[in-house]
Amino acid sequence: MAFRLCASDIFTRLQAYLFVSTFLVICVHSTLSSNSRGAIKEIVCTDVRYAYSARGFSNNDVPIQPISGEQLRICDRGQTCCTTDMEHKLSTHSRAEFDRLLRDTVGQIRTTFAAQAQKFDEYFKELLRTSKSDFHEMFLRTYGMLYDRNSYIFNDMFADLEKYYLTGGVDLTGALDSFFDRLYRKMFQVLNSQYSFNEMYLNCVSQRMDELKPFGDVPKKLTVEVKRSFVATRTFVQALAIGRDVVKFVQEVGPTPECSRALMKMTYCPHCSGLPDLKPCSHYCLNVMRGCLAYHAEIHHEWNNYINAMMMLASRLESSFNIESVVDPIDIKISDAIMNFQENGQVVSQELFKHCGKPRLGKRDARHELNYETLKFGGHRDNAVPRPTTAAGTSIDRLVQGIRKKIKKTRGVWLQLDKMLCGSMAGEGKTLPVEDCWNGQGKARYASELVGEGLQNQTHNPEVQLDVSRQNSLINQQILTLKLITTKLTHAYNGLDVEWQDESESDWNSSGSGSGSGFGEDEQTDSFGDIYFSTPVPPTRFVPDRPAPTTTSSAGRWQHNTFLVVFSSLVLWKSFFQQIFFSNL
């Protein structure tokens with residue numbers, strides 16, 4: 001009976017020790033498997049050293065083995081390949097790269113408007129010069145010395161037109177009324193050169209001009225045509241220049257401190273985690289960019305209104321407000337006015353003598369006597385030299401069509417900047433990944449929701465913290481500028497007068513025309529690359545030696561832990577047999 005109890009007790013104890021040993025082996029094996037997998041994902045700083053040096057930094061800054069990241073301010077504070085000095089340098093570098101990429105991208109828009117403003121300005125100035133030259137040649141050929149002595153009247157008219165275009169400080173209606181009044185007086189004197197007229201008498205002559213209409217309806221029609229076409233032309237070229245300057249000021253809006261922090265976390269924290277080739281997730285990049293470009297997006301609505309108004313006025317410049325159709329034949333229209341006067345000269349003179357009194361006879365001057373046949377000419381210029389329409393030989397229709405095509409591409413551009421910048425990070429013809437990408441913490445899918453564009457939508461942006469109640473004064477100023485020029489464009493489109501402050505030519509032309517191909521041009525400006533650096537292949541510079549991965553660490557860990565399992569089992573069995581031995585004594 002005692003033997004059975006002893007055997008039963010031994011068997012029970014044996015089961016217990018076997019269970020404990022088996023459990024111990026399973027736990028150790030599980031731990032070893034986990035450690036083995038962890039060893040595979042262990043941070044390696046070798047690639048980071050190369051990527052860091054490829055950006056112009058010293059690879060001596062990069063630790064050879066991962067270190068503790070407790071002192072880091074932006075990136076993960078666990079095991080890291082970045083020191084605090086590296087984090088600071090990379091943070092500054094990411095900010096500089098973002099500034100440059102944004103400047104280059106937005107700069108293309110500015111270049112487009114600058115180039116088109118300059119092209120249109122050159123076209124109009126040449127058109128006006130050519131028209132003035134043709135006018136002078138035609139009238140000199142027709143009137144000879146008589147025109148030459150009185151050419152200042154016509155020169156002053158062209159000077160007023162040019163001054164309005166350059167400064168806006170001319171009343172076009174008043175300037176043309178003055179021109180026709182002076183021409184009317186001079187023609188009346190020439191047609192009645194046998195008489196002597198004082199200033200009082202000539203004032204009386206001027207007062208009867210509206211009633212007698214010596215030039216027919218030419219002054220009224222020409223004034224309407226010149227005014228609305230010149231107003232539209234000046235407003236259009238001014239609007240191009242203002243668009244250029246608005247973009248220039250928007251370029252000066254830099255990233256906030258919160259944006260700079262988010263840029264560093266997105267672009268270079270993967271390197272601190274030993275993942276220099278890992279690109280950010282698509283929605284992660286968009287959230288960062290939308291937070292950084294929140295103020296830029298605020299200009300979207302007024303910019304689109306401005307572009308729409310530009311497109312509408314451009315359509316008028318191609319049709320009813322075509323400046324070329326007004327300026328080019330201005331000599332013919334004024335000659336028509338002169339012919340109207342000479343045809344009705346006797347009737348007009350008699351009416352004036354009746355109302356202003358009979359003038360006194362003066363000394364005859366054959367030099368001022370007009371030959372009726374000399375004055376009489378038709379509307380065709382047989383000997384006129386064909387005139388170019390622009391410096392490039394382009395008509396205004398093609399010129400305006402080209403401008404419309406280019407500026408139309410900028411509609412909605414301020415809400416596309418985030419996609420354009422993230423597209424630059426992906427590389428030409430590629431898109432950022434959705435899976436197996438940097439999500440701000442590691443290599444995984446980005447789980448946060450995508451926020452909208454604009455300041456108010458950044459309230460719940462998980463990447464960039466912004467005070468949405470805080471406005472940017474520079475952006476607000478540009479919004480106001482766009483509202484004002486849009487109103488002027490609308491007035492010009494409707495044929496209304498547009499008020500300008502009397503400004504010098506250099507006020508709108510001094511900002512420079514920029515350089516480069518422009519937004520949507522055929523030529524491409526130098527690309528920036530991307531703000532995300534990866535290991536270049538093949539390397540063209542010194543590459544730090546990369547030691548071959550070793551397996552001794554993992555193997556040694558396995559051998560060590562196997563020894564622990566065997567040793568633990570031996571200890572348990574020794575204890576088991578000792579208890580059996582002493583219990584049987």
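Here are four short exercises with worked solutions on this predicted model.

**Exercise 1: strand β2**

Task: Decide whether T80 is buried or exposed, and list the residues around T80.

Solution:
- Start by placing the residue: T80 belongs to strand β2, which covers residues 79–80.
- Next, take its relative accessibility, which is 1%. Buried means under 20%, so T80 counts as buried.
- Finally, look at the neighbours. Leaving out residues up to four places away in sequence, T80 is in contact with I43, C45, P66, I67, S68, G69, L72 and C272.

**Exercise 2: strand β6**

Task: Classify K443 by its accessibility, then find what K443 touches.

Solution:
- K443 sits in strand β6, made of residues 443–444.
- The relative accessibility of K443 is 54%. The cut-off for exposed is over 50%, so K443 counts as exposed.
- Setting aside residues up to four places away in sequence, K443 has contacts with L278, D436 and C437.
- Now try a distance in the viewer: K443 and C281 are 162 residues apart along the chain, and their C-alpha atoms are 9.2 Å from each other.

**Exercise 3: two residues of helix α6**

Task: Work out how D177 and R182 are classed by accessibility, and describe the surroundings of each.

Solution:
- Find the helix: α6 spans residues 172–191 and contains D177. R182 is in α6 too.
- Take D177, with a relative accessibility of 45%. Partly exposed lies between the 20% and 50% limits, so D177 counts as partly exposed.
- D177 also helps form a negative surface patch, together with D171, D210, D497 and E499.
- Turn to R182: its relative accessibility is 29%, so R182 counts as partly exposed.
- R182 touches Y152, I153 and D156, with residues up to four places away in sequence not counted.
- For one of these, I153, the C-alpha atom is 7.1 Å from that of R182, and the two residues are 29 apart along the chain.

**Exercise 4: helix α20**

Task: Say how many residues of α20 are buried, and name the helices they pack against.

Solution:
- Helix α20 runs over residues 417–426, and seven of its 10 residues are buried, leaving the helix mostly covered.
- Pick out the buried ones: L417, D418, L421, C422, S424, M425 and A426.
- Then follow their packing. The buried residues of α20 lie against α3 (84–143), α10 (257–267), α12 (282–292) and α13 (294–297).
- A hint for viewing the helix: an α-helix has 3.6 residues a turn, so residues three or four places apart point the same way.

Methods: Residues numbered from 1 in each chain as written. Predicted model: local features only at pLDDT ≥ 70, side-chain atom pairs only at ≥ 80, totals over all residues. Heavy atoms only, no water. Patch = residues over 30% accessible without salt bridge, like charges linked within 9 Å, V, L, I, M, F, W, Y side chains within 5 Å. Areas by Shrake-Rupley, 256 points an atom, 1.4 Å probe, with all protein chains shown as cover. Salt bridge = Lys/Arg side-chain N within 4 Å of Asp/Glu carboxyl O. Lys, Arg positive; Asp, Glu negative; His and termini not counted. Charge placed at Lys NZ, Arg CZ, Asp CG, Glu CD. Helix = DSSP H or I, 4+ residues; strand = E, 2+ residues; numbered from the N terminus. Buried < 20%, exposed > 50% of the residue type's maximum accessible area, 1.4 Å probe, protein only. Contact = heavy atoms within 4.5 Å.
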